[in-house]
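Me: I'm new to this one. Can you walk me through it?
Reply: Sure. Here it is.

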Amino acid sequence: MRTDESPQQQTLAHEVEAAAARIADSVITSPLQISERLSAACRATVYLKREDLQPVRSYKIRGAFNFMLQLDEEERARGVVCASAGNHAQGFALACRQLGIQGTIFVPKTTPRQKIDRIRHFGRDRVTIEISGSTYDDASALAHRFADRNEALLVSAFDDRRTIAGQGTVAVEIAQQLDTHPDAIIVPVGGGGVIAGIAAYAAEHMPDTKIIGAEPAGAASMIAALKAGHPVTLENIDRFADGTAVKRAGTITYDIVSDLGVDVRPVAEGAVATEMLAMYQVDGIIAEPSGALASAAVGAPGTGKPVVVEPGSTVVCLVSGGNNDISRYPEILERSLVHEGLKHYFIVDFPQEPGALRRFLNEILGPDDDIAMFEYVKRSDRETGPAFVGIQLGAAEDLPNLLERMESSQIEIERVHQNSPMFRLFA
């Protein structure tokens, strides 16, 4: 990251400092905890900045309060509106209730029920929730139209300096919590608000600290913007990491990230799912997909991770949120198994005769392999019948032997790859 920031970025760094004082009574100083698991794996000191422990379980509370605390009486009387995939809405709702402001919130239909319930809990009678659109970008367009029609003030989730400055206060706390500045801070990226604020503050106050963005590979709008030289709208996105799945990075945030030369790297959604499970099972942390982005990105040299952590270095990973619906864990486990090479799908054309399935099990499966899915309808008027079969391996390296046994079998077997519509239908 470049440290020769412009006067505009210096001003933003000062705005971040002012925001830290302004919102001090509305947020907690979130813990900075050493991750023994990641530190051992990387042979370094890896901290987790636990923004999942904020009152609304995400850092979004910072931007919402910093924005709304600066409104004058006339602006508060007009009412406020926002669009959100869930986390910004919770911070917005809590700010509306505590500050006595009437608000309207647009959330996409894909927002987890858990997040919608929490929005209602925090806002109570101070907010109205409108559930519409398939993505955050759809909800954002509706919020903009509502603001124009009703003269309400739009509280941006990321593309406003007040929001950016509030979210950037995470960096102020990190600087205060460590005796020396870390070598790197890894930050999840969606619209770009938190990384823009952190990068602007770090450029002036932590010039030796590298700020690295971790963006979901299936919704890499900031990476696309940096490549194109301006924000672009992605045609399709993977909505798994719903808190960071935006089709278009912010205009203001892009300018800051681009001007400061921030490095943003893609992280596979499957790797995020694997990290979520590790955080839950080993660390006892319930992270939402976007909350696990930063720590999913880091690894020791040779691991193939997007962010290589040098032995002996000090790294901070931002756990941005913990609003995860428990009903999503089957999908999380599925994505993890596929990403780790442990689960594979096939179409098997079984002979319609007794003993066919038994031969398949005996001849094809290894001793540690298991049938994880079997979809089959027997048809008596045909010689063969296809079945959709999911196989979970004992170890990823067992796949070549499995494929070799399939190739040698007299049963016709076709592998279903991840880019196939058939894969997405069942998996």
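Me: Before we start, what counts as a helix or a strand here?
Reply: Helices (H or I, at least four residues) and strands (E, at least two) are DSSP runs, numbered from the N terminus. Keep in mind that this is a predicted model.

Me: Okay. Where is D72, then?
Reply: D72 sits in the loop between α3 (60-68) and α4 (73-78).

Me: Which residues gather with D72 in a patch of negative charge?
Reply: E73, E74 and E151 join D72 in that patch on the surface.

Me: Is D72 buried or exposed?
Reply: In between. D72 has a relative accessible area of 41%, so it is partly exposed.

Me: Switching to strands. What is the order in the open sheet of 4 strands?
Reply: The order is β5-β4-β3-β6, and the pairing is parallel. β5 (127-131) and β6 (153-154) are the edge strands, and each pairs on one side only.

Me: What holds strands of a sheet together?
Reply: Strands of a sheet pair through backbone hydrogen bonds, either parallel or antiparallel.

Me: How many bridges join β3 to β4?
Reply: There are 4 bridges between β3 (residues 80-83) and β4 (residues 103-107). For one residue pair, look at C82: its bridge partner in β4 is I105.

Me: Now salt bridges. How many are in the whole structure?
Reply: The search finds 19 salt bridges.

Me: Show me one within a helix.
Reply: Try D117 and R120. Their closest N and O atoms are 3.9 Å apart. Both residues lie in helix α6 (residues 113-123), 3 residues apart, or about one turn of the helix.

Me: Are those two buried or exposed?
Reply: D117 has 40% relative accessibility, so it counts as partly exposed. R120 is also at 40% and partly exposed.

Me: What about E353? Which residue does its side chain meet?
Reply: R359. The N to O distance in that salt bridge is 3.0 Å. E353 is partly exposed, with a relative accessible area of 41%. R359 is partly exposed too, at 31%.

Me: Which parts does the pair of D369 and R405 tie together?
Reply: D369 lies in the loop between α16 (356-363) and β14 (370-376), and R405 lies in helix α17 (residues 399-408). So the pair ties together parts that are 36 residues apart in sequence. The closest N and O atoms of this salt bridge are 3.6 Å apart.

Me: And the exposure of each?
Reply: D369 counts as buried, at 12% relative accessibility. R405 is at 27%, so it counts as partly exposed.

Me: Which residues are linked in a network of salt bridges?
Reply: K115, D238, D242, E288, R328, E331 and R335.

Me: Back to the surface. Which residues form a nonpolar patch?
Reply: L357, L361 and F374 do, with about 230 Å² of accessible area together. L357 is in helix α16 and is partly exposed, with a relative accessible area of 39%.

Me: Last topic, phi. What sign do most residues have?
Reply: Most residues other than glycine have a negative phi.

Me: So what is phi for R43?
Reply: It is near 55°, a positive value in a residue other than glycine. R43 is in the loop between α2 (36-42) and β2 (45-50). At 58% relative accessibility, R43 counts as exposed.

Me: And where does R57 lie?
Reply: R57 is in the loop between β2 and α3. Phi of R57 is near 65°, a positive value. R57 is partly exposed, at 31% relative accessibility.

Methods
Residues numbered from 1 in each chain as written. Predicted model: local features only at pLDDT ≥ 70, side-chain atom pairs only at ≥ 80, totals over all residues. Heavy atoms only, no water. Patch = residues over 30% accessible without salt bridge, like charges linked within 9 Å, V, L, I, M, F, W, Y side chains within 5 Å. Areas by Shrake-Rupley, 256 points an atom, 1.4 Å probe, with all protein chains shown as cover. Salt bridge = Lys/Arg side-chain N within 4 Å of Asp/Glu carboxyl O. Lys, Arg positive; Asp, Glu negative; His and termini not counted. Charge placed at Lys NZ, Arg CZ, Asp CG, Glu CD. Buried < 20%, exposed > 50% of the residue type's maximum accessible area, 1.4 Å probe, protein only. Pairing = 2+ DSSP bridges.
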